[in-house]
Amino acid sequence: MDAGKMDWCPKSDEEMYAVVKQSLKALKILNNDLKLREQALFFKALGDETRLRIIGILRVQESCLCELAAGLGIPSSTLTHHLQILERGRVIQSRKEKKYTLFSLVSQQELDHYLTEAGELMK
């Protein structure tokens, strides 16, 4: 080991409090609990292969649960779970049509807005 190099040591509680305060300045969204939660839900919605497949289908056409389940070859109970996460993340929306619930992507403008906000997080 290099004689001039010291071993790593965890920071004290006071030092970490200062780091947390710096993070609030570095990443402004951390100061707004509502926006932070919305962004976290949005990223969670995009963070799964099945949900990305659902987004791909809905980019082509709006679909009901039975169509999505058949197209993806997954049980409707599993699909319902993914659809709920996508709705909470404001990636998709649903509407009733007779006895069916149809799912579609939110408007392209809304998606662009969320993606722009996400990009702002990294600045």
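## Elements and basis of the model

Helices (H or I, at least four residues) and strands (E, at least two) are DSSP runs, numbered from the N terminus. This is a predicted model, in which local features need pLDDT of at least 70 and side-chain atom pairs count only at pLDDT 80 or more, while totals for chains, interfaces and linings use all residues. Residues are numbered from 1 along each chain as its sequence is written, and side-chain values use heavy atoms, with hydrogens and water left out.

## Helix α3

Helix α3 covers residues 49-60. Its twelve residues should span 16 Å at 1.5 Å a residue, and the computed distance between its end C-alpha atoms, 17 Å, agrees with this. The expected span of a helix is 1.5 Å times one less than its number of residues. At the start of α3, a side-chain oxygen of D48 comes to within 2.9 Å of the backbone nitrogen of T50. This is a polar contact, that is, a pair of N or O atoms within 3.5 Å; within protein, one must be able to donate a hydrogen and the other to accept it, and residues adjacent in sequence count only if both atoms are side-chain atoms.

Which residues of α3 are buried? They are R51, I54, I55 and L58, where buried means under 20% relative accessible area, exposed over 50%, and partly exposed in between (1.4 Å probe, protein chains only). Seen down the axis of α3, these buried residues fall within an arc of 100 degrees, so they line one face of the helix; the arc is that of the directions from the helix axis to the C-beta atoms. An α-helix has 3.6 residues a turn, so residues three or four places apart point the same way. On the other side of α3, E49, R59 and V60 are exposed.

## The sheet and its hairpin

Three strands form an open sheet in the order β1-β3-β2, with antiparallel pairing. The edge strands are β1 and β2, each of which pairs on one side only. Two strands count as paired if DSSP finds at least two bridges between them. Six bridges join β2 to β3, and two bridges join β1 to β3. Particular residues show how the strands are aligned. Across β2 and β3, I92 is the bridge partner of L105, Q93 that of S104, and S94 that of F103. F103 in β3 also has S63 opposite it.

β2 and β3 form a hairpin with two residues between them. K98 is found in the loop between β2 and β3 and has a positive phi near 55 degrees, although it is a residue other than glycine. K98 is exposed, with a relative accessible area of 80%. A second positive phi, of about 60 degrees, belongs to R90, which is not a glycine either. R90 is found in the loop between α5 and β2 and is partly exposed, with a relative accessible area of 38%.

## How α3 meets the sheet and the other helices

α3 lies across β1, β2 and β3, running at about 95 degrees to β3. For such angles, axes are lines fitted to C-alpha atoms, for helices over the stretch in contact, and angles run from 0 to 180 degrees between N-to-C directions. The buried residues of α3 pack against α2 (33-46), β1 (63-64), α4 (65-72), α5 (76-88), β2 (92-97) and β3 (100-105). Here, contact means heavy atoms within 4.5 Å.

Two residues illustrate this packing. S104, in strand β3, is buried, with a relative accessible area of 16%. Not counting residues up to four places away in sequence, S104 touches L58, E62, I92 and Q93. L86 lies in helix α5 and is buried, with a relative accessible area of 0%. With the same neighbours in sequence left out, L86 touches A45, R51, I54, I55, V91 and I92. L86 and A45 are 41 residues apart in sequence and 4.9 Å apart in space, C-alpha to C-alpha.

## A residue of helix α6

E117 lies in helix α6, which covers residues 108-121. Which residues does E117 touch, not counting residues up to four places away in sequence? They are K35 and Q39. E117 and K21 are 96 residues apart in sequence and 22 Å apart in space, C-alpha to C-alpha.
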